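Welcome! Let's get to know this structure together, one question at a time.

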Amino acid sequence: SEKDTVLEIIDLHAGYDDVQVLWGVNLKVKRHTLTTIIGANGAGKTTTLKAICGLLKNVTGKVVLNGEDISRIPTHERVDKGLVMVPEGRWLFPEMTVLENLRMGAYPKHARDKREETLEWVYTLFPRLKERANQKAGTLSGGEQQMVAIGRGLMSRPEVLILDEPSLGLAPNLVLDIFKIIQELKEEGLTVLLVEQNVHLGLAISDYAYVMEHGKIVMEGTGQELENDPKVKEAYLGI
Ligand code: ATP
């Protein structure tokens, strides 16, 4: 039902300066689910996430969060309403410690009061970060930096956590660790929207998934339906 939909994207058109990238994207994210967008390089996945978060100019269409049209409000107000993105490439402050980076995430009003409590939660999810709390973020391994980036996103107490390619550049065993944690977050009540390069793994953990091509959604279904779809197998799973 509509009540189960936490985030709805309607007819999104967006791009950069004179290049249009999105040509009418529609998708729904149900509460307490993990939804994934897959697609080839350049299909427009990251652009979709940026448009959802209010990071692009000249976006048309609607972004509806809990029934409220948030398409015209700035990014930080979307964060206040619980919509939080962990970008690809991490964007940590390299000269600041792990702890300082994490604390920076707790800027929304509703997150500030719970900051130390949330920090303990993040340390439970990522014990490695507790061990390295006073190390400069710029000296961490790629996997550890990814953990800080997700942890910082969690510090703002999101309702919907948007992750752009969290597995990028990670060793295979670390990819599995990160995916386990993403599933755990869902079990703890978060709703997750994920863009993932690793189509097999992405679909395996998804409740629902969308396939994007040339700035449009061309296919959708449960993770399992798409994994078994002959077109997906041929185009994205190399089978
Ligand atoms: P990838 O998996 O390679 O990250 P993607 O599906 O996330 O791909 P986008 O990053 O959304 O794709 O890029 C879609 C298109 O928009 C590409 O053709 C890209 O070159 C273009 N694009 C992305 N960022 C910019 C930018 N800042 N300025 C101009 N064009 C851009």
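Below are some questions and answers on this predicted model.

Q: How many bridges join strand β1 to strand β2?
A: Strand β1 covers residues 5–16 and strand β2 covers residues 19–30, and the two run antiparallel. One spot to look at along the pair is G15, which stands opposite Q20 in β2. The number of bridges joining β1 to β2 is 9.

Q: Which residue in the turn between β1 and β2 has a positive phi?
A: β1 and β2 form a hairpin, with 2 residues between them. In that turn, a positive phi of about 40° belongs to D17.

Q: Which strands stand at the edges of the open sheet, each with a single partner strand?
A: The open sheet has 4 strands in the order β2-β1-β4-β5, with antiparallel pairing. An edge strand has a single partner, so one of its sides is left without a neighbour in the sheet. The strands in that position are β2 and β5.

Q: Which residue is the bridge partner of V64 in β5?
A: Strand β4, residues 60–65, pairs with β5 in the antiparallel sense over 2 bridges. β5 itself spans 68–69. Within β5, the bridge partner of V64 is D69.

Q: Why is helix α1 described as largely enclosed by the rest of the structure?
A: Helix α1 runs over residues 45–53. Among its buried residues are L49, A51 and I52. The helix counts as largely enclosed because the number of its 9 residues that are buried is 7.

Q: Which residue just after α1 takes a positive phi?
A: Helix α1 covers residues 45–53, and C53 is one of its buried residues. Just after the helix, a positive phi of about 80° is taken by G54.

Q: Which element gives the most to the shell around the ligand?
A: The residues surrounding the ligand include Y16, V21, K45, T46, T47 and Q197. By type, the shell divides into 4 nonpolar, 6 polar and 2 charged residues. The element that gives the most to it, with 3 residues, is α1.

Q: How much of the area that the ligand exposes when taken alone does the protein bury?
A: Let's begin with some contacts: a polar side-chain atom of N41 lies 3.1 Å from an oxygen atom of the ligand, and a polar backbone atom of A43 is 3.1 Å from an oxygen atom of the ligand. For E165, an N or O atom in the side chain is 3.2 Å from an oxygen atom of the ligand. Taken alone the ligand exposes 630 Å², and the share of that buried by the protein is 61%.

Q: What kind of aromatic pair do Y208 and Y210 form?
A: A search of the whole structure finds 1 aromatic pair. In this pair, Y208 and Y210 are 5.4 Å apart centre to centre, with 70° between the planes. Planes over 60 degrees apart put a pair in this class, and its name is edge-to-face.

Q: Is Y210 buried or exposed?
A: Its partner Y208 has 27% relative accessibility and so counts as partly exposed. For Y210 the relative accessible area is 4%. The cut-off to apply is under 20%, so Y210 is buried.

Q: How far apart in space are L119 and R152, C-alpha to C-alpha?
A: L119 has its place in helix α5, residues 115–125. With a relative accessible area of 3%, L119 is buried. L119 and R152 are 33 residues apart in sequence, and their C-alpha to C-alpha distance in space is 9.2 Å.

Notes
Residues numbered from 1 in each chain as written. Heavy atoms only, no water. Pairing = 2+ DSSP bridges. Phe/Tyr/Trp six-rings, centres within 6.5 Å; stacked < 30°, edge-to-face > 60°. Buried < 20%, exposed > 50% of the residue type's maximum accessible area, 1.4 Å probe, protein only. Near = heavy atom within 4 Å. Polar contact = N/O pair within 3.5 Å; in protein donor to acceptor, adjacent residues only side chain to side chain. Areas by Shrake-Rupley, 256 points an atom, 1.4 Å probe, with all protein chains shown as cover. Nonpolar A, V, L, I, M, F, W, Y, C, P; charged D, E, K, R; others polar.
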